[in-house]
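Here's a quick tour of a protein model for anyone just getting started with structures. Have a look at the picture, then read on.

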Amino acid sequence: MTTSLPDIQHNLEDVRERIRCAAASAGRDPDGIRLIAVSKYMTPAHIARAMAAGQRVFGENTVQEALGKLPLIQDPQNEWHFIGHLQTNKARHIAANFAWFHTLDSLKLARMLDRHAGAAGKQLRALLQVNISGDPDKFGLEPEAVTGFVETFLDAGLGAVSLHGLMTIGRRGISESGRRREFTGLRELGDTCAARFGTAHFSELSMGMSDDYEIAISEGATMVRIGSAIFGPRPRQRA
Ligand SMILES: *Cc1c(COP(=O)(O)O)cnc(C)c1O
């Protein structure tokens, strides 16, 4: 299938400019915000176009797509983030090839990732996925379960998986004020965890997508995960 590519360079420049503006209005340093270009459903040609426009940080959310893009994922110029739900039996591929893992929500998965990252001689940086809105359709830890999980995680003394912060996926179709409350909630939970377990483990907040990243930045996001605003609409939307 040949489709003409959208103007990815223009889109990226636009997103970067909006990130700078949102950071400036919040009195934040824009360099403290990582733009993750979410390339799910996109072809290697799309990714190459983004790389030509200076983008080096990418995200994927399924193992299947990640395996199809391995040469790009293994390109040492790039930093790849896994942002989807992962079954423990697929952990090897992700631990061996990705730098960041955003969706940690069980100790079983942490141990599995640790084993495979260790075997591959890699260090995997992890974020805890939090179901901040209590959405029954979402993965992630309930907010009340987070501090207990962190205690268990840190006690486990895993050598190849390290903890750096929290991630959430906003509930679909809520109002702007509802979305802001979710992001505020994640930031406050991050602050609570940083005070209790140390800022080294809680310096990152991964929140905000194409429709709401400016709100996320005003609430403290350090990583925004942006797909369609860069690459155009996906062929079909996955739940
Ligand atoms: C697809 C996806 C994104 C990007 O979504 P857009 O609305 O296209 O920006 C961000 N985070 C996760 C976890 C995703 O699966």
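Helices and strands here are DSSP runs, with at least four residues for a helix and at least two for a strand, and they are numbered from the N terminus. With that in hand, you can place D212: this residue sits in the loop that links strand 7 (204–206) to helix 9 (213–218). Keep in mind that you're looking at a predicted model. Below, we go from the ligand to the strands, then to some single residues.

**The ligand and its surroundings**

- Which residues are found around the ligand? They are V38, K40, N61, I83, I169, M209, S210, R225, I226, G227, S228 and R234.
- Sorted by class, this shell is made up of five nonpolar, four polar and three charged residues.
- S210 has a polar side-chain atom 2.5 Å from an oxygen atom of the ligand.
- R225 has an N or O atom in its side chain that is 2.9 Å from a nitrogen atom of the ligand.
- With G227 it's the backbone that takes part: one of its polar backbone atoms is 2.8 Å from an oxygen atom of the ligand.
- On its own, the ligand has 390 Å² of accessible area, and the protein covers 92% of that.

**Strands 1 and 8**

- Strand 8 covers residues 223–226, with M223 and R225 pointing one way and V224 and I226 pointing the other way.
- Are these four residues of strand 8 buried or exposed? All of them are buried.
- Strand 8 runs parallel to strand 1 (residues 34–38), and four bridges join the two.
- If you want a spot to find on screen, look for I36, which stands opposite R225 in strand 8.
- You've met R225 already, as one of the residues around the ligand.

**Strands 3, 4 and 5**

- Strand 3 (residues 79–82) pairs with strand 4 in the parallel sense, over two bridges.
- In this pairing, H81 stands opposite W100 in strand 4.
- How many bridges join strand 4 (residues 100–104) to strand 5? There are three, and these two strands run parallel.
- L104 has L128 as its bridge partner in strand 5.
- Strand 4 is mostly covered, with five of its five residues buried.
- Strand 5 (residues 124–129) is mostly covered too, as five of its six residues are buried.

**Two residues in helix 6**

- Helix 6 spans residues 107–119, and H116 is found in it.
- Why is H116 called buried? Because its relative accessible area is 18%, and buried means under 20%.
- Leave out the neighbours within four places in sequence, and H116 is in contact with A91, R92 and A95.
- L113 is found in helix 6 as well, and it counts as buried because its relative accessibility is 0%.
- Not counting residues up to four places away in sequence, L113 touches L86, A91, A95, F101, L104, L124 and V161.
- R172 is 59 residues from L113 along the chain, and 29 Å separates their C-alpha atoms.

**Back to D212**

- D212 has a relative accessible area of 10%, so it is buried.
- Its side chain has a polar atom that lies 2.7 Å from the backbone nitrogen of M209.
- M209, in turn, is one of the residues around the ligand.
- Setting aside neighbours within four places in sequence, D212 is in contact with R179 and F183.
- How far is D212 from R180, C-alpha to C-alpha? The distance is 8.9 Å in space, while the two are 32 residues apart in sequence.

**A52 and Y41**

- A52 is found in helix 2.
- Is A52 buried or exposed? At 67% relative accessibility it counts as exposed, because exposed means over 50%.
- A52 and E204 are 152 residues apart along the chain, and their C-alpha atoms are separated by 27 Å.
- Y41 lies in the loop between strand 1 and helix 2 (44–52).
- What is the phi of Y41? It's near 70°, a positive value in a residue other than glycine.
- Most residues other than glycine have a negative phi.

Methods:
Residues are numbered from 1 along each chain as its sequence is written. This is a predicted model: local features need pLDDT of at least 70, side-chain atom pairs count only at pLDDT 80 or more; totals for chains, interfaces and linings use all residues. Side-chain values use heavy atoms; hydrogens and water are left out. A residue is near a molecule or strand if one of its heavy atoms lies within 4 Å of it. A polar contact is a pair of N or O atoms within 3.5 Å; within protein, one must be able to donate a hydrogen and the other to accept it, and residues adjacent in sequence count only if both atoms are side-chain atoms. Accessible areas come from the Shrake-Rupley method with a 1.4 Å probe; for residues, only the protein chains shown count as cover. Ala, Val, Leu, Ile, Met, Phe, Trp, Tyr, Cys and Pro count as nonpolar, Asp, Glu, Lys and Arg as charged, and the others, Gly among them, as polar. Buried means under 20% relative accessible area, exposed over 50%, partly exposed in between (1.4 Å probe, protein chains only). Two strands pair if DSSP finds at least two bridges between them. Contact means heavy atoms within 4.5 Å.
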